[in-house]
Amino acid sequence: RLAELLAVGRRLWDELETGTEPSSGAAAVQDKVRQGLDALQRATAMVAQLELFSENEELEEIASADLKFLVLPALLGALTLKQVDMGRRLEHLESAREHFLRFLKLCRNYGLGTFQLPPGAPGGEEGAGNPRDPAGAQPSLVAMAMGRKAKIERYKQKKELENKVASMRSLVESGAADEEQLREFYVLQIQKWISTSLEEIESIDQEMVILRSRDVARQAPAAPHGPARPTRAPVRPFILTRDAAQARVFGAGYPGLPTMTVDDWYEQRRRQGIVSGQSVPQRVPGVSDEELQKQQQEKKEEEDDEEALQKARNWDDWKDTHPRGYGNRHNMG
């Protein structure tokens, strides 16, 4: 029963990896993800109940047929990442990271592979393989170079392990492999998943930083772009007139709409602080606009120079009797 659950989970994982679905959010894909997670979770519970693995035993003490169940946490983490519910993406990332870390710690206890646990993991070395200093200093070029070199070596080892596993798969599945070959096959699979788990944890950490930064940016209050403008009371519609007499005329025809003279309008705006007192036009009491304009015109005419007016009139009369160019004898053309 336990072997069947593991086989179901592994088969669904292989189908998802080699599938041709255009989107990971397709209903058929997510249905396989749910089925695979259910089978692997049940298998994990059975392994814990049977106590197949212990921190106090060596790798040689594990039966060859039981070695294949060591990869259960890694498969769980890989399938957890296949879920596409963006509202719970951060939760899925944290869950997948825990599965991968549990697998790596289990392999480390049994001496499977030489690797360091990711920074921040219980039992891991802080800052080991991390290009950034925990105190928030600038990135270390030496650490970045070492991290890049480690990635290249891990990639090469993973490809070699995949080739070896592929070459032995048909022998194991046909049942022709002896116990030593079977044990080697399962150990190679475990080592391949160690490389995969280290890569996935690194990607998970980067995505979690992005998601948390986005959540912080959404929760932060928007900063004002400039000083807040004082709110002003809305202005009621009215008819603007030049004087009180015109206000009475327009007011009689529009009883529902108030009237306001220019002086009243300026005075109201000055009280509201919109215009200064200097903007209010100075008006002589008792003088209408027509009388004021007439006085200004008469004053302008009185200020005109009589001699200049006479000279302009004489020049107009002279042009009427003399053609253009008259008297120009220098240019004989």
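**Close-ups of a predicted helical model**

Of the 333 residues in the protein chain, 27% count as buried. Everything here comes from a predicted model. The chain holds 10 helices and 2 strands, and reading along the sequence gives the pattern α-α-α-α-α-α-β-α-β-α-α-α. Its accessible surface adds up to about 23,500 Å², with 51% of that belonging to carbon and sulfur atoms. Take the contacts between residues at least 6 apart in sequence: 58% of them join residues at least 24 apart.

**View 1. The largest nonpolar core, with Leu112 in the frame.** This core has 55 residues, and Phe103, Leu112 and Ile194 are the ones with the most contacts inside it. Helices H1, H2, H3 (72-80), H4, H5 (141-173) and H6 each put in at least two residues. H6 gives the largest share, 12 residues. Now for Leu112 itself: leaving aside residues up to four places away in sequence, Leu112 touches Leu59, Leu70, Cys107, Val187, Ile190 and Ile194. One of these, Ile194, is also on the list of residues with the most contacts inside the core.

**View 2. Arg10, a buried charge without a salt bridge.** Arg10 sits in helix H1, which covers residues 2-18. Where is the nearest side chain of opposite charge? That would be Asp14, 6.0 Å away. A salt bridge needs a side-chain nitrogen within 4 Å of a carboxyl oxygen, so Asp14 doesn't qualify as a partner for Arg10. What Arg10 does touch, once residues up to four places away in sequence are set aside, is Lys68, Val71, Leu75, Gln189 and Trp193.

**View 3. Arg89 and Glu207, a salt bridge from helix to helix.** The two side chains meet at 2.9 Å, N to O. Arg89 belongs to helix H4 (residues 89-109) and Glu207 to helix H6 (residues 179-219), so the pair ties together parts that are 118 residues apart in sequence. Which end of the bridge is buried, and which is partly exposed? Arg89 is the buried one, with a relative accessible area of 13%, while Glu207 is partly exposed at 27%.

**View 4. Arg88 and Glu91, a salt bridge with both ends partly exposed.** The closest N and O atoms of this pair are 2.9 Å apart. Relative accessibility is 41% for Arg88 and 42% for Glu91.

**View 5. Arg34 and Asp31, a salt bridge inside helix H2.** Both residues lie in H2 (residues 27-50), 3 residues apart, or about one turn of the helix. Their closest N and O atoms are 3.9 Å apart. With the cut-off at 4 Å, that is why the pair still makes the list. Asp31 is partly exposed, at 33% relative accessible area. For the wider picture, the count comes to 11 salt bridges, and Arg11, Glu15 and Lys32 are linked in a network of them.

**View 6. Phe53 and Tyr110, an edge-to-face ring pair.** How many aromatic pairs does a search of the whole structure find? It turns up 3. In the pair shown here, the ring centres are 6.4 Å apart and the planes stand at 75 degrees, so Phe53 and Tyr110 are edge-to-face. Phe53 comes from the loop between H2 and H3 and Tyr110 from the loop between H4 and H5, so the pair ties together parts that are 57 residues apart in sequence. Both Phe53 and Tyr110 are buried.

Notes
Residues numbered from 1 in each chain as written. Predicted model: local features only at pLDDT ≥ 70, side-chain atom pairs only at ≥ 80, totals over all residues. Heavy atoms only, no water. Helix = DSSP H or I, 4+ residues; strand = E, 2+ residues; numbered from the N terminus. Buried < 20%, exposed > 50% of the residue type's maximum accessible area, 1.4 Å probe, protein only. Lys, Arg positive; Asp, Glu negative; His and termini not counted. Contact = heavy atoms within 4.5 Å. Core = buried A, V, L, I, M, F, W, Y, C linked by side-chain atoms within 4.5 Å. Phe/Tyr/Trp six-rings, centres within 6.5 Å; stacked < 30°, edge-to-face > 60°. Areas by Shrake-Rupley, 256 points an atom, 1.4 Å probe, with all protein chains shown as cover.
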